[in-house]
Amino acid sequence: MSRQDLRMPHPDPLPASRPWRASRRALAGALLAAPFMMGGACAARATSCSDLARHALPDATFTTVETVKAGSWHAPQDQLSHIMSTPGMNLAGHPTEAANPAFCRIALTLHPTADSHIRTEIWLPLKGWNGRLLGVGNFGWAGSLMYDGMATGINEGYAVASTDTGHDSATPEGQGGRFTLGHPEKMIDYAYRADHLMTVAAKTLVRTFYGHEATHAYWIGCSLGGLEGLIEAKRYPEDYDGIVAGAPPNPIVNFNAEQLWAGWMSYHDPALRVSRDKFRLLNAAVMNACAGPVGRKQGFVDEPDRCAFRPEQILCKPGGNTDHCLTADEVRAARNIYQGPVDPQTHTVIFPGPAKGSEDGFSADGKAFPVALDLFRYAAFQNPDWDWTTLKWATDVQEATRKVGPLLHVDDNLAPFLARGGRLLLYIGWNDGHNPQQLATYYQAVQRRAGAAGRDGVRLITIPGMEHCHGGAGCDTFSKLGAIDSWVSNGQAPDMIVAARVDGGKVVRTRPLCAWPAVARYDGQGDMDDARSFACVTPGTN
């Protein structure tokens with residue numbers, strides 16, 4: 001396959017009206033029409049869960065249609081479920097997940113092209129449906145169903161849907177980005193087609209089962225799931241009424257380049273390799289310089305974007321003990337990581353490095369970050385033997401962008417989604433490897449492009465102490481579902497959300513999360529572990 005193959009299809013200006021170019025008919029239109037006659041009258045309705053299997057969907061195969069009894073569902077246990085079952089990843093903000101109610105489980109395989117094999121599941125509550133649909137975003141390189149998020153949704157009364165995006169990560173060829181090698185249609189499925197067709201199929205089955213459409217549809221995801229949410233908003237603005245996009249790696253080529261940066265620089269210059277102990281030393285110095293009283297007690301920098309610490313401040317003195325300071329090379333390495341990779345031709349930062357306070361997660365060991373490496377060697381360059389150490393910052397990032405950018409990058413024009421009343425909630429942790437200041441810049445650009453009609457339809461939440469999507473010393477557990485539903489259904493914008501830190505299944509601390517640029521400031525008197533002791537304040541106004 002030539003390098004040109006993955007450039008197709010290029011995003012259309014109004015992609016919802018022409019989802020993709022393919023030799024087979026568009027599944028979306030066929031699915032929407034399947035259970036209905038002209039004029040919108042219902043031609044057929046399922047009278048039971050098992051009856052749904054008789055309602056054929058074009059380019060789809062039913063693999064399982066069953067009733068799951070209350071309390072009997074147990075998600076497969078693997079590395080993904082270990083992540084997704086943590087409190088910080090719970091979509092409703094629960095410390096623990098309750099037993100499931102009874103639901104109808106429909107497993108489908110969608111095959112819009114000859115090379116497509118998109119596993120999809122749609123769960124429908126048998127009682128107490130709240131009239132809404134939830135699409136659950138993926139993680140990493142996807143390749144599996146997001147059962148934990150689905151379980152949360154079904155417990156909250158939602159009809160829920162998830163897809164593996166068209167490949168199986170349990171197989172050797174489906175691990176990481178390998179599935180894209182020589183399979184341009186699978187790359188398209190992964191980029192956007194699987195999520196859209198899953199959504200169309202879910203809406204059809206909801207209407208068939210309950211006899212009417214969902215009143216609202218929401219998408220929630222973090223990391224890849226956050227990027228998927230942005231892609232949905234851009235390409236198919238009518239799919240969802242509310243989207244929660246956590247830590248979206250966008251533009252993903254630039255972000256993955258930044259993830260390779262520290263390993264690349266320390267491979268080429270071993271003097272820039274830094275031990276874990278030295279990064280912990282650096283983190284302690286940053287904490288000492290920049291954390292406020294609350295942050296020092298709880299273990300994070302309260303407002304990293306206001307931290308003026310420089311690694312030169314702990315430079316070793318000539319002849320001094322280097323165990324308690326940074327050598328000149330270690331200072332240089334830290335500065336390079338904070339800055340991020342730079343295009344040597346334009347002298348612009350390709351993607352900024354992590355924020356102050358996240359040094360405990362730094363690595364400069366001369367090795368590549370596997371998830372990022374796969375995007376370049378498989379998806380972009382279609383060469384499993386591509387040598388990441390030869391990466392040319394002036395040309396390879398641009399070439400990779402030309403290959404996969406049309407599929408995976410989302411520009412700042414989300415005006416069609418916002419103009420129709422769509423709501424977008426972005427969130428990210430300050431201790432994430434993805435610097436929230438980069439996402440704040442994107443957020444501001446989206447607002448500008450949205451104009452007066454849509455500017456108020458987007459919010460950004462930055463979370464002190466939270467790592468990638470969850471974890472860290474901060475309060476990482478909050479109800480994404482509650483926030484987006486209150487916004488869409490009741491017009492209550494998420495200008496302040498109360499989040500919790502959970503330990504051993506119990507809430508041990510709460511703190512308000514404030515819509516950027518506001519931050520939570522302690523009142524100086526109350527309990528530091530109680531959200532009521534804080535107020536959302538815009539820096540520079542108090």
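1. Strand β6 (residues 216–222) contributes three residues to the lining of the largest cavity, more than any other element gives. Helices (H or I, at least four residues) and strands (E, at least two) are DSSP runs, numbered from the N terminus. The model is predicted, so that local features need pLDDT of at least 70 and side-chain atom pairs count only at pLDDT 80 or more, while totals for chains, interfaces and linings use all residues. Residues are numbered from 1 along each chain as its sequence is written, and side-chain values use heavy atoms, with hydrogens and water left out.

2. The largest cavity holds about 100 Å³ of space. Of its 15 lining residues, Met 84, Met 89, Leu 91, Gly 221 and Cys 222 are the closest to its centre. The count of cavities of 30 Å³ or more is two. A cavity here is a set of points, on a 1 Å grid over the protein atoms alone, where a 1.4 Å probe fits but cannot get out; lining residues have an atom within 4 Å of a point. Grid points are joined across faces, edges and corners, and a volume is the space filled by probe spheres set on the points.

3. Met 89 appears again among the contacts of His 470, which also include Ile 83, Thr 86, Gly 88 and Asp 476, leaving aside neighbours within four places in sequence. Contact means heavy atoms within 4.5 Å. His 470 is in the loop between β9 and α14 (480–490). Its side chain makes a polar contact of 3.2 Å with the side chain of Thr 86. A polar contact is a pair of N or O atoms within 3.5 Å; within protein, one must be able to donate a hydrogen and the other to accept it, and residues adjacent in sequence count only if both atoms are side-chain atoms.

4. Helix α4 (residues 184–210) has 27 residues and reaches 37 Å from its first C-alpha to its last, close to the expected 39 Å. The expected span is 1.5 Å times one less than the number of residues. At Tyr 190, α4 bends by about 60 degrees; the bend is the angle between axes fitted to the seven residues ending at a residue and the seven starting there. Because 24 of its 27 residues are buried, α4 is largely enclosed by the rest of the structure. Buried means under 20% relative accessible area, exposed over 50%, and partly exposed in between (1.4 Å probe, protein chains only). Just after the helix, Gly 211 takes a positive phi of about 90 degrees.

5. Helix α13 (residues 436–454) spans only 22 Å between its end C-alpha atoms, whereas a straight helix of 19 residues would span 27 Å. A kink of about 50 degrees is centred on Arg 448. At the N-terminal end, Asn 435 acts as a cap, with a side-chain oxygen 2.9 Å from the backbone nitrogen of Gln 437. The buried residues of α13 include Leu 439, Tyr 442, Tyr 443 and Val 446. Their cover includes α5 (224–235), α12 (415–419), β8 (423–429) and β9 (458–463).

6. Asp 164 sits in the loop between β5 (159–163) and α4 and is buried, at 1% relative accessible area. Its side chain joins that of Arg 119 in a polar contact of 2.7 Å. Beyond neighbours within four places in sequence, its contacts include His 117, Asn 138, Ala 142 and Ser 144.

7. Ala 142 has a positive phi of about 65 degrees although it is not a glycine. It lies in the loop between β4 (132–136) and α3 (147–155) and counts as buried at 11% relative accessibility. Gln 382 likewise is a residue other than glycine with a positive phi, near 50 degrees. Gln 382 is in the loop between α10 (370–380) and α11 (396–408), buried at 16% relative accessible area.

8. Gln 382 is also among the residues touched by Phe 376, together with Val 253, Leu 260, Trp 386 and others, not counting residues up to four places away in sequence. Phe 376 belongs to helix α10 and is buried at 0% relative accessibility.

9. Two cis peptide bonds merit inspection. Asn 250 and Pro 251 are joined by one with omega about 0 degrees, and Pro 251 lies in the loop between β7 (242–246) and α6 (252–268). The bond from Trp 516 to Pro 517 is also cis, with omega near 15 degrees; Pro 517 lies in the loop between β11 (506–514) and β12 (519–522).

How values were computed. On a 1 Å grid over the protein atoms alone, a cavity is a set of points where a 1.4 Å probe fits but cannot get out, and a pocket is an open set with protein on both sides within 12 Å along at least five of seven lines; lining residues have an atom within 4 Å of a point.
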